[in-house]
Structure formats: C-alpha cells, structure tokens
Amino acid sequence: MQVTVIDYKAGNLTSVVKALRHLGAEVEVTDRPEQLAKAERIILPGVGHFAATRRLDETGLTPAIRAAIDRRIPFLGICVGMQWLLQGSTEAPDQPGLGFFPGICQRFPDGDEKVPHVGWNSIDTNMVGPKLFQGLRHCEYVYFTHSYYVPRLTLMCDRDGQLYPASAADTDYVVNFAAALEWDNVFGVQFHPEKSGEAGLRILKNFLEFRPC
Amino acid sequence: MLTRRIIACLDCREGRVVKGVQFVDLIDAGDPAALAHRHAQEGADEIVLLDITATHEGRATLLDTVRRTAQSLFVPFTVGGGIRTAADAEAVFEAGADKVSINSAALADPELIGQIGASFGAQAVIVAIDARRDPDSPDPVRNARVFTHGGRKDTGRTAVEWAREAESRGAGEILLTSMDSDGTRNGFDCELTAAVSSAVRIPVIASGGAGTVAHFAEVFGAGKADAALAASIFHFGVSSARSLKLELAKTGIPVRLPC
C-alpha cells in the first residue's frame, strides 16, 4: 500500500507517518505538487491555524490535490486537513478552503465548556455505514484536539439537483458537529486517528484498503 | 460525550522509570517504553514521560527513550523535563512526542510558549505548574505559589495568575501539580485544581496525590479537572487504568472504556 502524506508545514507529521508505517504502508512525504500526479492515495494532515493552508495555494498543491481527487484517488484530510475540504473557516476568513464539502468551519461558542475540545469523545456514525468506520463499534471513542469545528452536514439536494452528503459521523461537544466526512473517494476526520489507539488504527487501515467503485 | 482523561505518568531518570515521593526517595520502576505500552494497553488515555535527569549527558538518552517509547504508542504522548528552548522541543517532537510539557523554562521566558506553538500548534504545548498552598495568606488556595527546581525555588507568582498568563500566551493545556499532595497518595488538591481550572478556558490536568479511585472521582467532580495524572498508582500493579475507569464509570464519570 502506497500513501503520500502532504507536508505543508502545519505541525508534526511524525505520528501520522509512524501509524501508517505500523500498518504496513509505504509512506512518501512530499511538499511538491508534481509528486501528487502519481500518488495512489493521499493524506493531508495538519494541526494549528487554518491560515496555514494558504501554503497549499502558494505552492500549487491545491490544484494538484483537486486533480488527484478528480482522478478518484482516495483522499483523507485529518483535523485542519478535513476543515480545508470545506469552503473556509472563520479562523481565517480570507483563506478559502477547497470547497469540496459545503459550509464554513466555526469556533466553538463561548460558554461553560473548555475550548479547545481536547480528549476522547465518542463518534456517532451515520446509518448508511461509512466505509471509514467498518469493523468499529457504533459509538467508538477517538482523540480530538481543536477549537474550530465543521458544522454537521445533512443529506440534501439543491435546486440544480446536486446532492450534498451527510457527515459520516457526528460528535457532541457544545454543539453537534461533523467528526467525519465521506463522499465517494474523499474522506475527512476531525479527530486524530493516529492517536486514537486501536480504533484509530482501524480507521486508517480502512482508508488504506478503500477502493473506489 | 467528552470523557475525563486518565493519564499515566512515567518519571524517568537516565532512561529508567522512577517515581518520586514528594520529589525525593527515588525507586526504580522499569523500562519506560515497556511501561508506556502496558499503560496504553490497559486503557490509559495518554502517556506523559517526565525526564528528571536534567544533566546535559542525559539529553541523548532522553531522545532515545522518547523514540523507543513512541515507536508503537498510538495514544497522545507528552514529554517534559529539561526542555529549555524551541530547539529542545523540536528534537523531542522529531523523536515522536505529540506534546511537550514546559515548566521552569516557560517561567524564565514566557515567550517560549508561543514560539513552540507557532511551529507545532498550541495543542502541542502544555505548561506545567508546580504549586504549593500559601499557608500565610488569607486565601491559601487562590494564592497558592508557583515553585521551580523541585520545589526549592519560590517564583513569587500565584498558580492562578500564571495559568492565566500561560493561556493568553498560547498554552494548549495546564498540568497542575500540587506539591503539598504529590506522593502522599492522600488525594489531589481539589480546591487548588478547581481554582485554576475555573480561571482558564483550556483544559487542566490535575497531578499529585492519587491513591484511590475516590480521589479521581473527587478531582473530576469538585476539582473540575479535565484530566488526571497518576504514576505510582499504576506502576506496581496497585490498579490498572481499566479497573480505575470501570470504578469511575460506576460513579457516573464519563470515561473511555476500550474494547
């Protein structure tokens, strides 16, 4: 299993790479768009500020990722990597996301609860049975650390008949938000599968073994 | 539902796990990589490795220990002790840590918090605070003082005020150790933990004094802790994270119970 991990200087890649290698994947880490043209499978990690995704635009990685997704290469965004799949984030209003999924990432509202949302929370997986969560319990615990969230998506159809997906899994913390997204060959997880014990390794394995139909 | 975290702490010296009782009387408790793995298997939500070697020669040993420990550990892994600069932190991250815990270096140079956060994200920076109640103050808890150098040096700052500053400078979490309780196994300082936890919006990890299941229930309840650290309660087979969590679940505290 070959997988390409995109390095865009948004935090530490060591844990993601280590988990993928543990699962037997052949991992290539790159910051060059031309490498994506021959990638078989792509992971976009990322921690920290949404503005860090500007580097994807500046280095030409954004069109290369778009092209890979169009080629139906399996793609997984983790944390900020998932948030970037949306249209944008209030964390960096001037920085657009890829816009693959509809919506804008929001900051958890002020209240009694701690922000960031840090720790192990349960995910409520979609009835359809997302591919990412095969073999897992319905309410598995995974490790989160984030202050901005992807609003929960519900299946809908716009006026032009375009179908938009529901989130693959949702989590409750202050609000009900999207813990995972899944549409065709494109996946996103807000939590850190590489830090979520056996459950997280299973999710990464499901991604590595996913074949688009 | 977000669960309360049980964090297993390994105090290490020269590459071996030791556990201090009120910062003295060290006894050998084993290999850090093996123990970290065992704790994770037994249900610990995170692992913290605190290096108390503090000598220059010990740094290479530490990085090797971190690398070996991180190799097959797939829960969050924090490393602390002796991290004085952003470069020290970077070396530890490269060796496989997910977070660093900084203590006296952050007090000496608070900008270090933001410097590490800028490269690795705020979630990767834990500011550790060693505090002791101030018995001479009219409010010994709210005026609990911050100490460094294993409790020998009074910084003159209060834990509440320093925690707030650390948060404003971009710390992701606070690791609060009560020096009055540490090693006693008589329970966490719940009042101190609640005072600090209520003063900040970032998570607070309580440390010092774990001895029984009831102590954890107290610190998650009255102590308002988001996570609790325990070292000696685990190492000698007194209890596992799993049995601790099963007991906590019975008292209504949300915990992660892996299959």
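# A tour of chains A and B

Select strand β6 (residues 104-107) of chain A to begin, and add strand β10 (residues 148-151) of chain A, with which β6(A) pairs in the antiparallel sense over two bridges. Within this pair, colour Q106(A) and look across to β10(A), where Y149(A) stands opposite. The model on screen is a predicted one, and its overall scores are ipTM 0.93 and pTM 0.94.

Keep β6(A) selected and bring in strand β5 (residues 88-89) of chain A, which pairs with β6(A) in the parallel sense, again through two bridges. If S89(A) is labelled, its bridge partner in β6(A) can be labelled too, and that partner is C105(A).

Move next to strand β15 (residues 186-189) of chain A, and show its side chains: V186(A) and G188(A) point one way, F187(A) and V189(A) point the other way, and all of them are buried. Two strands can then be added around β15(A). Strand β4 (residues 75-78) of chain A runs parallel to β15(A) and is joined to it by four bridges, with I78(A) standing opposite V189(A). Strand β14 (residues 175-183) of chain A, in contrast, pairs with β15(A) in the antiparallel sense, over four bridges, and here E182(A) has F187(A) as its bridge partner. Where β14(A) turns into β15(A), the hairpin leaves two residues between the strands, and D184(A) is to be picked out there for its positive phi near 60°.

Now select the residues at which the two chains meet: 28 residues of chain B are in contact with 30 residues of chain A. Coloured by class, the side of chain B that touches chain A shows 14 nonpolar, six polar and eight charged residues.

Hide chain A and view chain B as a whole, which has 10 helices and 12 strands. Its radius of gyration is 17 Å, close to the 18 Å given by the globule rule for 259 residues, so chain B is as compact as a globular protein of that length. The C-alpha trace spans about 50 × 45 × 40 Å along the principal axes of chain B, and buried residues account for 53% of the 259 residues. Of the contacts in chain B between residues at least 6 apart in sequence, 63% join residues that are at least 24 apart.

Colouring chain B by pLDDT is a useful next step: the mean is 89, and 90% of the residues reach 70 or more. Residues 20-26 of chain B should be read with care, since pLDDT stays under 50 throughout that stretch, for which the model has 12 contacts beyond four places in sequence.

Then select helix α8 (residues 213-220) of chain B, whose buried residues are H215(B), F216(B), E218(B), V219(B) and F220(B). To see what surrounds them, add α7 (190-199), β11 (204-207), β12 (227-230) and α10 (241-250) of chain B, against which these buried residues of α8(B) pack.

The last stop is I253(B), in the segment after α10 of chain B. Is I253(B) buried or partly exposed? With 16 other C-beta atoms within 10 Å, I253(B) is partly exposed. Leaving aside neighbours within four places in sequence, I253(B) is in contact with R4(B), A217(B), F220(B) and L248(B); F220(B) is one of the buried residues of α8(B) selected above. To end with a distance, draw a line from I253(B) to G81(B): the two are 172 residues apart in sequence and 31 Å apart in space, C-alpha to C-alpha.

Note on methods:
Residues numbered from 1 in each chain as written. Chains lettered and ligands numbered in written order. Predicted model: local features only at pLDDT ≥ 70, side-chain atom pairs only at ≥ 80, totals over all residues. Buried ≥ 20, exposed ≤ 12 C-beta atoms within 10 Å, placed from the backbone. Contact = placed C-beta atoms within 7 Å. Nonpolar A, V, L, I, M, F, W, Y, C, P; charged D, E, K, R; others polar. Pairing = 2+ DSSP bridges. pLDDT = per-residue confidence, 0-100. Rg over C-alpha atoms; globule rule 2.2 N^0.38 Å.
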